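Please open the model in your viewer and keep the sequence panel beside it. The tour moves from whole chains to single residues, and each stop begins with something to select.

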Amino acid sequence: MNTTKWNFRRNVVFQLFVLPALIGYLIFYIYPLIQTAIYSFTNYSMYHPNMKWIGIDNYIRLFKDDTVIIGIKNTVIYALLMTLLQNALAIPLAIALNRPLKSRNGLRLVFFAPAVLSPLVVGFLWSYLMSSSDYGLINQGLRAIGLNNVNWLGNPKLALYSILLTQVWQWTGYAMIIYLANLQGISKDYYEAASIDGAKAWTVFSKITLPLLLPSISFNTVMAMIGGLKVFDVIFSMTGGGPGHSTETIVMTLINKGITESQFGYGSAFAVVFSFMIMIVAFVQLKVLNKWEAKLF
Amino acid sequence: MKTLDSYKKTDFILEALLVILAIGMVIPIYYLLITTFKSSSEATLHPLWLPADWKFSGYADAWKAMNYPRVFLNNLFITVSSVLGVLLFASLAAYSFARRQTRLNNLTFYFILIGVTIPFQVATIPLFRLIRNLGLIDNPLSVIFIYIFTLISFNIFLIKNFMNTVPIELEESASIDGCGVAGTFFRITLPLLLPVIATVAILNTLTTWNDFFTPLLFLQSREKGVILLEVYRNIGKFAVDWTAFFPMMVLGIAPLLLFYVFMQRFIISGIVTGAVKG
């Protein structure tokens with residue numbers, strides 16, 4: 001057999017293996033992404049079907065548009081708090097479950113369970129639970145112990161945090177599972193040595209556990225952050241962005257401007273800003289975490 | 001070792017606290033299930049009690065109103081096709097990236113990784129036009145293609161990382177024996193990838209089954225819709241009897257909840273593997 005010809009054929013086959021993925025990726029991801037960038041510099045909309053180049057006008061308009069600013073503000077608050085709360089709760093929970101408890105497996109199953117539910121349905125369910133009507137379970141409970149009703153979703157100052165609460169309920173177990181796996185991979189020798197040295201619990205946590213959890217902290221916080229910035233379903237079902245614009249988020253505003261109102265160019269400019277936001281946030285987060293890691297070791 | 005790992009008195013308190021917390025976390029789900037068997041007046045009066053007399057008609061009505069068998073099959077078709085598609089295309093590409101580190105291949109790999117960082121929602125507007133121009137609006141293929149090719153980046157990344165841990169010697173001896181690239185891949189490598197394939201299948205099943213955004217945009221007729229669209233469309237139709245909506249929510253989450261109950265160990269280990277390798 002001619003080896004060069006054979007090798008050439010093998011290389012061709014190897015390249016062919018990439019093709020289906022690459023072609024689909026180009027058509028359904030890269031091409032629309034590039035178009036978004038192009039649209040963002042045009043006045044393209046239902047009223048201007050023949051798009052005209054208008055430079056950065058859309059971008060200037062964005063920063064004067066109150067609904068856009070509110071959407072960004074809500075989303076950033078939501079994503080930051082989500083990341084913080086979810087991980088601040090998941091780490092102690094994982095450490096607790098790492099003890100040889102009798103009900104460990106059962107508890108693990110229960111804490112994780114909400115993560116398999118659809119956020120849309122979770123949103124609907126919690127909007128019943130938080131309702132101010134007679135049947136609202138949470139307010140019934142508050143009244144039973146002599147407190148006043150709380151208008152969880154109707155109060156514009158509170159609604160975003162009420163939604164956040166449901167998502168902490170839903171996703172903390174998910175993060176916990178990942179922390180737990182990481183904990184189980186940590187060698188017992190470290191703890192053995194610490195206990196011989198008579199180290200205090202807090203010292204053990206901050207000097208051993210936390211640094212060794214860094215890989216999963218990176219993963220979980222970046223995922224929580226990106227998930228938070230993309231939040232849509234749960235808000236759609238709980239408040240639809242209201243009351244007023246108090247719970248409107250980026251993806252929601254994007255759909256409103258870009259599809260419902262058919263302002264394709266303007267919506268695209270917002271999308272471009274959004275994608276830069278995500279990239280910057282993820283980049284900064286990983287940099288900070290790496291620095292933290294470098295300082296510790 | 002024993003002192004650290006054995007059950008201590010403080011662990012008993014810890015366990016008691018965790019069990020209380022777990023019960024608290026389950027209450028919403030318990031409430032959802034139990035309310036489906038009650039009339040609205042009973043549900044308002046005694047929200048957490050077991051029903052005095054069990055009412056099953058709610059499920060029959062919800063089943064009919066949602067056209068459940070139809071939307072369930074639509075969901076199943078979309079999820080199975082997307083997961084199989086991602087598995088096939090991603091593992092083929094990952095194989096090439098892992099085993100042929102030519103400059104072109106490496107560049108392509110990094111180019112595909114862009115898909116991990118920028119969410120496809122950014123490209124929704126042109127994507128919507130593209131799907132319309134392809135005549136795929138209201139066709140499950142639209143959703144399937146979008147799932148496959150927007151999830152593929154992360155999956156290629158995951159499978160390639162795993163493949164780096166699979167010993168190459170077996171493949172080499174197969175190719176010396178005259179086995180072609182495709183033959184080696186399907187007969188030797190693919191079986192060794194089973195753990196990561198299980199992970200990928202589980203992660204993608206959870207993501208695609210529960211996705212609401214994509215079907216909302218691209219599947220517009222009720223005939224072609226998925227379960228969550230029916231849940232969404234039916235809310236508000238039962239203004240008088242609010243409990244009528246609860247069986248629909250249960251039918252909305254039941255498939256994945258059952259999947260979880262039966263596959264919990266695989267699901268949890270799948271998610272962990274995805275996080276550790278990813």
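How many helices and how many strands make up the secondary structure of chain A? Select chain A and colour it by secondary structure: the model, which is a predicted one, shows 13 helices and zero strands in this chain. Reading along the sequence, you therefore meet the pattern α-α-α-α-α-α-α-α-α-α-α-α-α. The radius of gyration of chain A is 25 Å, well over the 19 Å that the globule rule gives for 297 residues, so the chain is more spread out than a compact globule.

**The two chains as wholes**

Stay with chain A and turn it slowly, since its C-alpha trace spans about 80 × 75 × 35 Å along the principal axes. If you switch on the surface, you are looking at about 13900 Å² of accessible area, of which 67% belongs to carbon and sulfur atoms. Of the 297 residues in chain A, 54% count as buried, and among the contacts between residues at least 6 apart in sequence, 68% join residues at least 24 apart. Colouring by charge brings out 21 positive and 11 negative side chains in chain A, and the centres of these two sets lie 8 Å apart.

Now select chain B, where you can count 14 helices and zero strands. Its radius of gyration is 24 Å, whereas a compact globule of 278 residues would have one near 19 Å, and its C-alpha trace spans about 75 × 65 × 35 Å along the principal axes. Buried residues make up 53% of the 278 residues in chain B, and of its contacts between residues at least 6 apart in sequence, 72% join residues at least 24 apart. Chain B exposes about 12700 Å², with carbon and sulfur atoms supplying 70% of that area. Its charged side chains come to 20 positive and 15 negative, and the centres of the two sets lie 6 Å apart.

**The nonpolar core**

Which residues have the most contacts inside the largest nonpolar core? Select Phe111(A), Phe112(A), Ile156(B) and Met249(B), which hold that place in a core of 180 residues. Helix α14 of chain B, residues 246-277, gives the most to this core, with 14 residues.

Next, centre the view on Phe112(A) and show what surrounds it. Leaving aside neighbours within four places in sequence, Phe112(A) is in contact with Gly173(A), Tyr174(A) and Ile177(A) on chain A, and with Tyr260(B), Ile267(B), Ile268(B) and Ile271(B) on chain B.

**Two buried residues in helices of chain A**

Select Met277(A), which you will find in helix α13 of chain A, residues 264-296. Is Met277(A) buried or exposed? Its relative accessibility is 17%, so Met277(A) counts as buried, the cut-off being under 20%. Not counting residues up to four places away in sequence, Met277(A) touches Ile72(A), Val76(A), Leu229(A) and Ile250(A). Draw a distance from Met277(A) to Ile72(A), and you should find 9.8 Å from C-alpha to C-alpha, although the two are 205 residues apart in sequence.

Move on to Asn74(A), which has its place in helix α3 of chain A, residues 66-97. Asn74(A) is buried, with a relative accessible area of 7%. Apart from residues up to four places away in sequence, it touches Leu160(A), His245(A), Ser246(A), Thr247(A) and Glu248(A).

**Backbone stops in the loops**

Most residues other than glycine have a negative phi, and most peptide bonds are trans. Keep this in mind for the last three selections.

Which two residues of chain A does a cis peptide bond join? Select Gly242(A) and Pro243(A), which are joined by that bond with omega at about -10°. Pro243(A) lies in the loop between α11 (233-238) and α12 (250-260) of chain A.

Then select Ser262(A), in the loop between α12 and α13 of chain A. Its phi is near 50°, a positive value in a residue other than glycine, and at 7% relative accessibility Ser262(A) counts as buried.

Finish on chain B with Asn67(B), which is found in the loop between α4 (57-65) and α5 (68-99). Phi of Asn67(B) is near 55°, again a positive value in a residue other than glycine, while a relative accessibility of 36% makes Asn67(B) count as partly exposed.

Conventions: Residues are numbered from 1 along each chain as its sequence is written. Chains are lettered from A and ligands numbered from 1 in the order in which they are written. Side-chain values use heavy atoms; hydrogens and water are left out. Helices (H or I, at least four residues) and strands (E, at least two) are DSSP runs, numbered from the N terminus. The radius of gyration is taken over C-alpha atoms; the globule rule is 2.2 Å times the number of residues to the power 0.38. Buried means under 20% relative accessible area, exposed over 50%, partly exposed in between (1.4 Å probe, protein chains only). Contact means heavy atoms within 4.5 Å. Accessible areas come from the Shrake-Rupley method with a 1.4 Å probe; for residues, only the protein chains shown count as cover. Lys and Arg count as positive and Asp and Glu as negative; His and the chain ends are not counted. The place of a charge is taken as NZ of Lys, CZ of Arg, CG of Asp or CD of Glu. A nonpolar core is a set of buried Ala, Val, Leu, Ile, Met, Phe, Trp, Tyr and Cys residues joined through side-chain atoms within 4.5 Å.
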